[in-house]
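Q: Please take a close look at one part for me: how the buried interior is packed. Start from an exposed position and work inward, with cut-offs for each term.

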Amino acid sequence: MPRAQLTFLTDELNKLREQKLYQRLRILEGEQLPVSRFDGREVINLSSNNYLGLTTHPKLRRRAIEAIERYGVGSGAVRTIAGTMTVHMALEEKIAKFKNVEAAVVFQSGFTANAGTVQAILGKEDVIVSDELNHASIIDGCRLSRAEIKVFPHKDLDACEKVLQEIAARPGRKLLVTDGVFSMEGDIAPLPALVELAERYGAIMMIDDAHSSGVLGRNGRGTVDHFDLHGRVDIQVGTLSKAVGALGGYVCSTRDTIDFLYHRARPFLFSTSHPPSVAASCLAAFEVLEEEPQLIQRLWDNTNFFKEGLKRLGFDTGMSETPITPVIVGDVALAHQFSRDLFEAGVFAQSIGFPTVPKGKARIRTIVTATHTRDELSRALHILETGAKKLRII
Ligand SMILES: *Cc1c(COP(=O)(O)O)cnc(C)c1O
């Protein structure tokens, strides 16, 4: 039934259709696997963030089922009222120990962890210095904080220092914030240099390790561990929704910072905590990270194999140095066409255009996992080659 006051949204959608930017949701029929069934078609799945295959790991499944049987399916309240269960506290302790920090707090998602933390710790008299490719959840947190936001070009350390110099004499706190691994480029933040800048100019240093948790560092401890910068990054955010295989986000910092977030982070105060089964799955995932380091080894072996294959075929893979490898084609309509052709031929690699990536930098994004076989990756490379030649991308 059309509603007059909502037809402007229909007009907006029609504009997207005209520009060939309209996208239907792809429906996954079954489990999230290296070869999965989407929209009735069996495809090699290069689009999930399920880096280690933990979404279907037997130990995580078993713990979730046990937790449901013991505690039920919901927590029934926000953390600050009646919704803190022993399993939530056990997970926070596990994460703090794993990350070698004083304390950790778990949020409902990585998105709420970023947005809730930045908003809670800063106010309108403060300044945020932020890499231009930082994730949307950091940007939203910055906006909600009402602090002034100074964006520097991607990984441009000179530009970053210039901003820090300009604001050095201003009252108010400064926050320097970066993704650890950038989600669209797959490159790694220059964290050692950023940490030095933060220390020199007295800024709080914060990193979002969503794509580094379970991927970089010993047993997947993240970017801080990868660069051996323990004790020098004030706030580490991570996700439990990607390599960890379930859902959630966490913040690691000093005991008092975490205690402050317990009192002031709005998603923590005003949105219900995880079902116990989710917390139990995440706890099991950290055990798996410690017990099965071969998963991370396989992830990196597959990454190197696939990346070299793409380069050999002459694809532009940008600045990637992690399992996220973009295949940059430039034109957004071409990227969508390429992605559709690949899907028909048996490879699911999502196309991404403006505003998620800059205009003229449209791409398909590939992510390999530990659980892909060499045969699957070789077949995917072959399908990419055939599709790209047809569209004259290579
Ligand atoms: C995915 C992602 C998030 C959000 O994590 P969720 O747990 O999915 O909410 C935050 N930051 C970055 C860089 C991400 O890639």
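**From the surface to the packed helices**

A: R392 is exposed, with a relative accessibility of 76%. Exposed means over 50% relative accessible area, buried under 20%, and partly exposed in between (1.4 Å probe, protein chains only). R392 lies in the segment after α14 (374–390). Its phi is near 60°, a positive value in a residue that is not glycine.

Some ground rules come next. This is a predicted model, in which local features need pLDDT of at least 70 and side-chain atom pairs count only at pLDDT 80 or more, while totals for chains, interfaces and linings use all residues. Residues are numbered from 1 along each chain as its sequence is written, and side-chain values use heavy atoms, with hydrogens and water left out.

N100 resembles R392 in one way: phi is positive, about 60°, and N100 is not a glycine. N100 sits in the loop between α3 and β3. It is exposed too, at 55% relative accessible area.

Now the frame. There are 14 helices and 13 strands. Helices (H or I, at least four residues) and strands (E, at least two) are DSSP runs, numbered from the N terminus. The radius of gyration is 21 Å, which agrees with the value near 21 Å for a compact globule of 394 residues. That radius is taken over C-alpha atoms, and the globule rule is 2.2 Å times the number of residues to the power 0.38. Along the principal axes, the C-alpha atoms fill a box of roughly 55 × 55 × 55 Å. Of the 394 residues, 52% are buried. Contacts (heavy atoms within 4.5 Å) are often far apart in sequence: of those with a separation of 6 or more, 70% join residues 24 or more positions apart.

Move inward to α9, residues 255–264. The buried residues here are I258, L261 and Y262. They lie on the same side of α9, because they cover an arc of only 105° around the axis. The arc is that of the directions from the helix axis to the C-beta atoms. On the other side, D256, H263 and R264 are exposed. The cover over the buried residues includes α3 (86–99), β3 (103–107), α4 (110–121), β9 (249–253) and α10 (266–270).

Take β9 from that list. Its residue C252 is buried, at 1% relative accessibility. C252 touches I258, one of the buried residues of α9. Leaving out residues up to four places away in sequence, the other partners of C252 are I95, K99, V101, A103, A104, D234, I235 and Q236. One long-range pair stands here as well: C252 and E102 are 150 residues apart along the chain, yet their C-alpha atoms are separated by 7.7 Å.

Next is α4, which is part of the cover of α9. N114 belongs to this helix. It is buried, at 2% relative accessibility. Beyond four places in sequence, N114 touches S137, I138, M206, D208 and V237.

V118 is also in α4. It counts as buried, at 0% relative accessibility. Its contacts beyond four places in sequence are I128, G141, C142, S145, L175 and M206. V118 and L175 are 57 residues apart along the chain, and their C-alpha atoms are separated by 8.9 Å. M206 is a partner of N114 and of V118.

Those contacts lead to α5, residues 136–145. S137, I138, G141, C142 and S145 are its buried residues. They sit on the same side of α5, because their arc around the axis is only 145°. N114 reaches S137 and I138 in this set; V118 reaches G141, C142 and S145. The buried residues of α5 pack against α4, β4 (127–131), β5 (148–152), β6 (174–179) and β7 (204–208). Just after α5, R146 takes a positive phi of about 65°.

To recap the interior: α4 helps to cover the buried residues of α9, and the buried residues of α5 pack against α4.
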